[in-house]
Amino acid sequence: MAKIATENFCRNPYKVTGICNWSSCPLANSRYATIHDHEGVFYLYMKTIERAHKPNELWEIVKLPRNYEKSLETIDKNLQYWTKFFVHKNKQRLTKMTQYRIRMRKLVHKAREKIMTMPRKQQKRKSREKKKLKKLQFWIRVLRRNC
């Protein structure tokens, strides 16, 4: 759990809302559903009471289609007898994830300059070299005037 001034956020990877409360906690509820993104493909994860005795098979995984409307229909079909809370929150999460997928696609195609960072030691070394060169040039000029 991560606390901030307004709310408590939960770091559980299976969280639908991200907010730490009893109604949206996968640890507190024996029946839970969420959506995950694995390398650009969305999956609907469903946890049911009947699978509780098999921890390695606790979550039933359903692959969602790439089409947004079809994936909403898939969520409706799979969460048909679930509470409206889970259906609504999972649809919200799918909407948000498709929007960030679209934004990521746009950013990849957009041409941008790459910012190259330089370690501090190298920066300091370069600035010292510049200062030494200035001093050297100054002394060369002074010596030429005196000769």
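**Exercise 1. Glu60 and its partner**

Work out whether Glu60 is buried, partly exposed or exposed in this predicted model, and find which residue forms a salt bridge with Glu60.

*Solution.*
- Start with the accessibility: Glu60 has a relative accessible area of 31%. The partly exposed class runs between 20% and 50%, so Glu60 counts as partly exposed.
- Now look for the partner. Glu60 pairs with Arg51 in a salt bridge, and their closest N and O atoms are 3.9 Å apart. The cut-off is 4 Å, so a distance of 3.9 Å passes.
- Check the other end: Arg51 has a relative accessible area of 26%, which makes Arg51 partly exposed as well.

**Exercise 2. The other salt bridges**

How many salt bridges does the structure hold? Track down the ones made by Lys54 and Lys91.

*Solution.*
- The total is 3.
- Take Lys54: the salt bridge is with Glu57, and the closest N and O atoms are 3.5 Å apart. Lys54 is partly exposed at 38%, and Glu57 is partly exposed, with a relative accessibility of 38%.
- Go on to Lys91: here the partner is Asp76, with 2.8 Å between the closest N and O atoms. Lys91 sits in helix 2 and Asp76 in helix 1 (residues 68-78), so this pair ties together parts that are 15 residues apart in sequence.
- Finish with exposure: Lys91 is partly exposed at 25% relative accessible area, and Asp76 is partly exposed at 35%.

**Exercise 3. A lysine without a salt bridge**

Which side chain of opposite charge is nearest to Lys47, and how far away is it? Then describe what surrounds Lys47.

*Solution.*
- Place the residue: Lys47 belongs to strand 4, which covers residues 41-47.
- Look for a charged partner. Lys47 is buried and has no salt bridge; Glu50 is the nearest side chain of opposite charge, 12 Å away. A salt bridge needs a distance within 4 Å, so Glu50 at 12 Å doesn't qualify.
- Try the backbone instead: a polar atom of the Lys47 side chain lies 2.5 Å from the backbone oxygen of Pro26.
- Fill in the surroundings. Setting aside neighbours within four places in sequence, the contacts of Lys47 include Pro26, Asn29, Tyr32, Leu58, Trp59 and Trp82. Ser30 and Arg31 are also among them.

**Exercise 4. A nonpolar patch**

Which residues make the nonpolar surface patch of about 270 Å², and where does Leu107 lie?

*Solution.*
- The patch is made by Tyr100, Met104 and Leu107.
- Leu107 is part of helix 2, which spans residues 84-109.
- Patch members need over 30% relative accessible area. Leu107 has 41%, and so is partly exposed.

**Exercise 5. An unusual phi, and a long span**

What is the sign of phi at Glu39, and where does Glu39 lie? Then find how far apart Gln92 and His53 are in space.

*Solution.*
- Glu39 has a positive phi of about 55°, though it isn't a glycine.
- On the chain, Glu39 falls in the loop that runs between strand 3 (32-38) and strand 4.
- With a relative accessibility of 83%, Glu39 counts as exposed.
- Switch to Gln92, a residue of helix 2. Gln92 is partly exposed at 39% relative accessibility.
- Compare Gln92 with His53: the two are 39 residues apart in sequence, and their C-alpha atoms are 30 Å apart in space.

Technical notes:
Residues are numbered from 1 along each chain as its sequence is written. This is a predicted model: local features need pLDDT of at least 70, side-chain atom pairs count only at pLDDT 80 or more; totals for chains, interfaces and linings use all residues. Side-chain values use heavy atoms; hydrogens and water are left out. Helices (H or I, at least four residues) and strands (E, at least two) are DSSP runs, numbered from the N terminus. Buried means under 20% relative accessible area, exposed over 50%, partly exposed in between (1.4 Å probe, protein chains only). Lys and Arg count as positive and Asp and Glu as negative; His and the chain ends are not counted. A polar contact is a pair of N or O atoms within 3.5 Å; within protein, one must be able to donate a hydrogen and the other to accept it, and residues adjacent in sequence count only if both atoms are side-chain atoms. Contact means heavy atoms within 4.5 Å. Patches are made of residues with over 30% relative accessible area and no salt bridge: like charges are joined within 9 Å, nonpolar side chains (Val, Leu, Ile, Met, Phe, Trp, Tyr) within 5 Å. Accessible areas come from the Shrake-Rupley method with a 1.4 Å probe; for residues, only the protein chains shown count as cover.
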